[in-house]
Amino acid sequence: MFERFARDARATVKGAVVRAESAGADAVTEEHLLLALLDQEGGRASFALAALGLRDRRASLDAAFTEARRRGGLTRADTDALAGLGIDVGAIVSRVEGAHGEGALATGRGGRRWWWSGHRPFTPGAKAVLENALRVALGRGDRFIGGEHLLLALAAKPGVVADVLTEHGATYGAVRRAMYGPEADEGRAQAG
């Protein structure tokens, strides 16, 4: 599938690997893919990220991802669902960190031996984003997978990254409109 990736998508995947390595993460995650997309210049994804104001709010994105890792990777929906059952995730995190130290529930670090194979693996979620980017490209009639397809796949996949994007005003629909204009919604309405 990697042969179908355009230059910006290849650079994003390679950048995600570098980000994972520099963070000491066990594997490349969806978060690493999004942050690597933010590093790219030019192209529809870069334009959409700038138009949605995400480039200027990188610190806010980082803080949101840090908080999600602190919660053990739970999404806002997970936290809200647990709150509906009377479970206060914030209180649990505080108690665990009080007993075991700050970041005790943080995801993405551990004892995996990625160095044994010589490459850092992708999480199932990151793999799903890459596969969905192919589906997005095929659905749009595009021959190659570009950064815009990766961004749409990230925004569409339920989880922490989509939650953080939504919190920052970058829903799937907003991303699609930023890349393809308001007619992106009209074509969808006429097709359905």
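## Helix α9 and its surroundings

The buried residues of α9 pack against three other helices, namely α2 (30-39), α4 (58-70) and α8 (147-156). This is a predicted model, and within it helix α9 covers residues 160-167, with Val160, Val161, Ala162, Val164 and Leu165 as its buried residues. After α9 comes Gly169, a residue whose phi is positive, near 85°.

## The chain as a whole

Looking at the whole protein chain, one finds 11 helices and 0 strands, and reading along the sequence gives the pattern α-α-α-α-α-α-α-α-α-α-α. The protein chain has 192 residues, of which 40% count as buried. Its accessible surface comes to about 10,400 Å², and carbon and sulfur atoms account for 54% of that area.

The contacts can also be sorted by how far apart the partners stand in the sequence: among contacts with a separation of 6 or more, 63% are between residues 24 or more positions apart.

## A salt-bridge network around Asp39

By the rule applied here, the structure holds 4 salt bridges. In one of them, the side chains of Arg19 and Asp39 meet at 3.2 Å, N to O. Because Arg19 lies in helix α1 and Asp39 in helix α2, this pair ties together parts that are 20 residues apart in sequence. Asp39 also forms a salt bridge with Arg58, and here the closest N and O atoms are 2.8 Å apart. Since Arg58 belongs to helix α4 while Asp39 belongs to helix α2, the pair ties together parts that are 19 residues apart in sequence. Through these shared partners, Arg19, Asp39 and Arg58 are joined into one network.

The members of this network can also be described by their accessibility. Arg19 counts as partly exposed at 25% relative accessibility, Asp39 is partly exposed with a relative accessible area of 40%, and Arg58 counts as partly exposed at 23%.

## A salt bridge between Glu30 and Lys157

Another salt bridge is made by the side chains of Glu30 and Lys157, at 3.1 Å, N to O. Glu30 lies in helix α2 and Lys157 in the loop between α8 and α9, so the pair ties together parts that are 127 residues apart in sequence. Glu30 counts as buried, because its relative accessibility is 18% and buried means under 20%. Lys157, with a relative accessible area of 21%, is partly exposed.

## Arg4 and its distant partners

Arg4 is found in the segment before α1 (7-23), and at 30% relative accessibility it counts as partly exposed. Leaving aside residues up to four places away in sequence, Arg4 touches Leu134, Leu138, Arg143, Phe144 and Ile145. For one of these partners, Leu134, the separation from Arg4 is 130 residues in sequence, while the distance in space is 8.5 Å, C-alpha to C-alpha.

## Rings and a nonpolar patch

A search of the whole structure for aromatic pairs finds 0 of them. There is, however, a charge placed over a ring, since the charged end of Arg140 sits over the ring of Tyr180, 3.4 Å from its centre.

On the surface, Leu85, Ile87 and Ile92 make a nonpolar patch of about 280 Å². Ile87 has its place in the loop between α5 (76-84) and α6 (89-100), and at 33% relative accessibility Ile87 counts as partly exposed.

Definitions and conventions:
Residues numbered from 1 in each chain as written. Predicted model: local features only at pLDDT ≥ 70, side-chain atom pairs only at ≥ 80, totals over all residues. Heavy atoms only, no water. Patch = residues over 30% accessible without salt bridge, like charges linked within 9 Å, V, L, I, M, F, W, Y side chains within 5 Å. Areas by Shrake-Rupley, 256 points an atom, 1.4 Å probe, with all protein chains shown as cover. Helix = DSSP H or I, 4+ residues; strand = E, 2+ residues; numbered from the N terminus. Buried < 20%, exposed > 50% of the residue type's maximum accessible area, 1.4 Å probe, protein only. Contact = heavy atoms within 4.5 Å. Phe/Tyr/Trp six-rings, centres within 6.5 Å; stacked < 30°, edge-to-face > 60°. Lys NZ or Arg CZ within 6 Å of the ring centre and 35° of its normal.
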